[in-house]
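Trainee: I would like a close look at a single part of this protein, followed outward into its surroundings. Could you take me through it with care, residue by residue where that helps?

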Amino acid sequence: MTELVVEDGVFVTMAADAGPAGAMLIRDGRIAAIGQAEAVRAAAPGAAVVRLGGATVVPGLIDAHCHVADVGYLAAAADCSQPSAPEIATIQARLREAADRTPEGSWVTGSGYAEYELREGRHPTRAELDQAVPGRPAVLYHTSLHACVLNTAALREAGFADRQPDPAGGAFGRDSQGRLDGVVYEAPMFALFERNLRRDIARMGAGARAGLVRTAGQRLAALGLTSACDADLRRDTFGAFAEADAAGLLSQRIYGLVVHDQVDWLLAAGLRGRHSDRLATEAVKIWADGGMSSRTAAIHGTYPVPPHGSGILYFERDELTEMVRDFDARGFQVCIHAQGDRAIETVLDAYAATLAGGAGNPRRHRIEHGGAMYPPLADRAAALGMVVVSQPGFLSALGDGFAAAFGDRRDQLYSFASWQRAGITVAGSSDAPVITPDPLIGIRDAILRRTSDGRLLGPAERLPARDALALYTTRAAYACHRESETGSLEPGKLADFTVLDKNPLEAEPGQIPGIRVLATVLGGTPVYQSSDIFRGR
Ligand SMILES: [Zn+2]
């Protein structure tokens with residue numbers, strides 16, 4: 001039995017009815033007691049003691065929707081994000097550098113750009129990618145991961161030709177003569193990303209695969225995250241997680257959202273459920289539409305900005321309803337990406353048909369993102385008992401692009417306060433690598449709702465600091481059926497916690513992203529520390 005008392009800290013327990021706490025006792029990876037320091041110490045006179053010197057302890061932070069494997073995979077890609085790469089010439093230089101270190105047979109890869117943040121205000125073209133990387137395939141992923149640009153060699157290898165019509169569920173960018181300009185939207189882009197990821201992972205040895213998972217895990221741990229949903233789990237990435245788990249290399253508890261077309265494989269392989277206390281596959285992921293920043297979310301009406309469509313809806317109502325019913329009947333929690341109002345409407349129809357028995361939403365079926373869930377839709381979602389997993393951090397990172405694309409409905413996007421008032425359980429997440437996985441940025445944005453240009457998006461939707469922290473603790477745990485184990489600091493729960501050098505509930509909101517993570521502790525064991533607090537533990 002190992003016992004550790006953590007004291008001399010500010011404990012933000014997030015428990016519903018907890019009194020003030022000055023110390024916490026950890027026994028065998030779980031919280032055995034939390035409360036007055038003398039009482040906690042008296043409960044374990046022989047325990048080792050760690051003094052925090054006034055630092056703040058919050059429940060281990062939870063990212064309820066990100067792409068953990070992709071974070072590790074794209075960590076090796078050229079950083080083409082803004083403001084780091086302000087213009088296309090910088091992107092070209094970064095791709096040139098990446099070409100030197102990319103093994104033969106793999107595509108030269110860059111990621112993270114948003115065309116409206118570039119000095120040129122447009123997507124780079126195939127010709128510009130050819131100048132940087134001639135003769136071998138190169139891909140530049142859009143920050144949304146709903147679009148990308150290919151050079152000529154990549155277009156050829158992907159089998160895309162100038163005269164080809166737009167594929168189902170996707171679109172190609174074209175020049176004034178109708179030739180492909182290299183930009184690929186939605187379904188064909190997903191297929192490419194998945195194929196490249198799968199091919200690169202297959203080419204890696206076990207060591208490199210574990211390295212990819214470990215890189216992602218360390219990055220998230222350094223940001224205070226102790227749990228994460230991987231919103232895109234497939235056979236190959238599941239294999240990488242399972243290997244890392246067996247080797248004790250997971251720095252978070254991973255809750256896998258298994259992509260819908262992988263469910264038959266998962267069940268046939270007997271791999272549904274909890275594999276360990278750090279790896280679980282109990283949920284299914286479906287995409288109903290495209291992305292907000294790629295302007296492919298399925299909306300009523302048309303976008304006033306390029307590509308001027310109404311977005312892309314992947315499934316008609318009946319087909320989606322059949323899928324949801326089927327997964328629900330097989331015991332899965334269903335998590336559906338839905339951004340535009342037209343997609344959200346379709347998803348709510350599918351959930352309403354599935355949950356028609358009136359017993360509420362016991363599997364906690366979720367809407368992922370919910371960007372344009374306007375008031376009447378939010379009321380319907382609340383009546384169905386929906387859980388919505390959304391991304392406050394989009395507001396600073398992508399909000400100016402949303403404002404351009406949504407015009408006078410901009411203040412009704414991501415309306416967290418209204419959703420909560422309507423009765424929806426809202427959980428926080430990052431969707432990384434779409435944006436940074438830093439939960440402190442998400443917490444700040446939920447409170448301030450300022451874009452990078454300083455515009456206020458939906459001022460009435462700002463949350464108080466405590467609600468903003470709840471998004472990444474209690475509510476995120478609920479969204480993953482883990483509220484009896486994580487999300488708050490209470491006796492019996494897992495000893496997952498994050499030590500911060502300031503209390504985010506008392507900091508000036510604009511300063512929250514500058515709060516330092518001193519340690520991230522998973523089941524009583526530090527998985528990250530930037531200080532000496534837990535040295536030797
Ligand atoms: Zn996502």
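Mentor: What follows starts at one buried arginine and its strand, and then moves on to the metal site, a helix, a sheet and the charged pairs. Please keep in mind throughout that this is a predicted model.

The part I would choose is strand E19, which covers residues 366–369 and holds Arg 366. Is Arg 366 buried or exposed? Its relative accessibility is 0%, and therefore Arg 366 counts as buried. The side chain of this arginine is engaged in a polar contact with the side chain of Glu 368, at 2.8 Å. Leaving aside residues up to four places away in sequence, Arg 366 also touches a set of residues that includes Ala 64, Cys 229, Leu 257, Gln 333, Tyr 351, Val 387 and Cys 480.

Strand E19 also contains His 369, whose phi is positive at about 85 degrees although the residue is not a glycine. With a relative accessible area of 1%, His 369 is buried. A comparable backbone feature is found at Arg 364, which has a positive phi of about 60 degrees and is likewise not a glycine. Arg 364 sits in the loop between helix H11 (341–354) and E19, and its relative accessible area of 13% makes it buried. As background for reading such angles, most residues other than glycine have a negative phi, and most peptide bonds are trans.

Two peptide bonds deserve attention on the second count. Gln 82 and Pro 83 are joined by a cis peptide bond with omega at about 10 degrees, and Pro 83 lies in the loop between strand E8 (78–79) and helix H3 (88–101). Another cis peptide bond, again with omega at about 10 degrees, joins Ala 432 and Pro 433, the latter in the loop between strand E21 (425–428) and helix H15 (439–448).

From here we can turn to the metal. The zinc ion has His 65 (NE2), His 67 (NE2) and Asp 431 (OD) as its protein donors, lying 2.1 Å from it, and along the chain these donors follow the spacing H-x1-H-x363-D. Both His 65 and His 67 are buried.

Helix H7 is the next element to consider. It spans residues 206–222, 17 residues in total, and extends 24 Å from its first C-alpha to its last, close to the 24 Å expected at 1.5 Å a residue. Its buried residues are Arg 209, Ala 210, Gly 211, Leu 212, Val 213, Ala 216, Gly 217, Leu 220 and Ala 221. In reading that list, recall that an α-helix has 3.6 residues a turn, so residues three or four places apart point the same way. The buried residues of H7 pack against several elements, among them helix H2 (68–74), helix H6 (187–203), strand E14 (225–233) and helix H8 (235–246), as well as strand E23 (517–522) and E24. Just after H7, Gly 224 adopts a positive phi of about 90 degrees.

Strands E23 and E24 bring us to an open sheet of 5 strands with mixed pairing, in the order E2-E6-E22-E23-E24. Its edge strands, each pairing on one side only, are strand E2 (10–11) and strand E24 (525–529). Within the sheet, strand E6 (residues 56–59) pairs with strand E22 (residues 497–500) in the antiparallel sense over 4 bridges, and Pro 59 stands opposite Phe 497 in E22.

Finally, there are the charged pairs. A search of the whole structure finds 32 salt bridges. One of them joins the side chains of Arg 234 and Glu 194 at 3.0 Å, N to O; the pair links distant parts of the chain, with Arg 234 in the loop between E14 and H8 and Glu 194 in helix H6, 40 residues apart. Arg 234 is buried at a relative accessible area of 10%, and Glu 194 is buried at 16%. Arg 317 forms a salt bridge with Asp 349, their closest N and O atoms being 2.6 Å apart. Because Arg 317 lies in helix H10 (residues 317–329) and Asp 349 in helix H11, the pair ties together parts that are 32 residues apart in sequence. Here Arg 317 is partly exposed, with a relative accessible area of 43%, whereas Asp 349 is buried, at 18%.

Methods:
Residues numbered from 1 in each chain as written. Predicted model: local features only at pLDDT ≥ 70, side-chain atom pairs only at ≥ 80, totals over all residues. Heavy atoms only, no water. Donors = N, O, S within 2.8 Å, 3.2 Å for Na, K, Ca; no water. Buried < 20%, exposed > 50% of the residue type's maximum accessible area, 1.4 Å probe, protein only. Pairing = 2+ DSSP bridges. Helix = DSSP H or I, 4+ residues; strand = E, 2+ residues; numbered from the N terminus. Expected span 1.5 Å × (residues − 1). Contact = heavy atoms within 4.5 Å. Polar contact = N/O pair within 3.5 Å; in protein donor to acceptor, adjacent residues only side chain to side chain. Salt bridge = Lys/Arg side-chain N within 4 Å of Asp/Glu carboxyl O.
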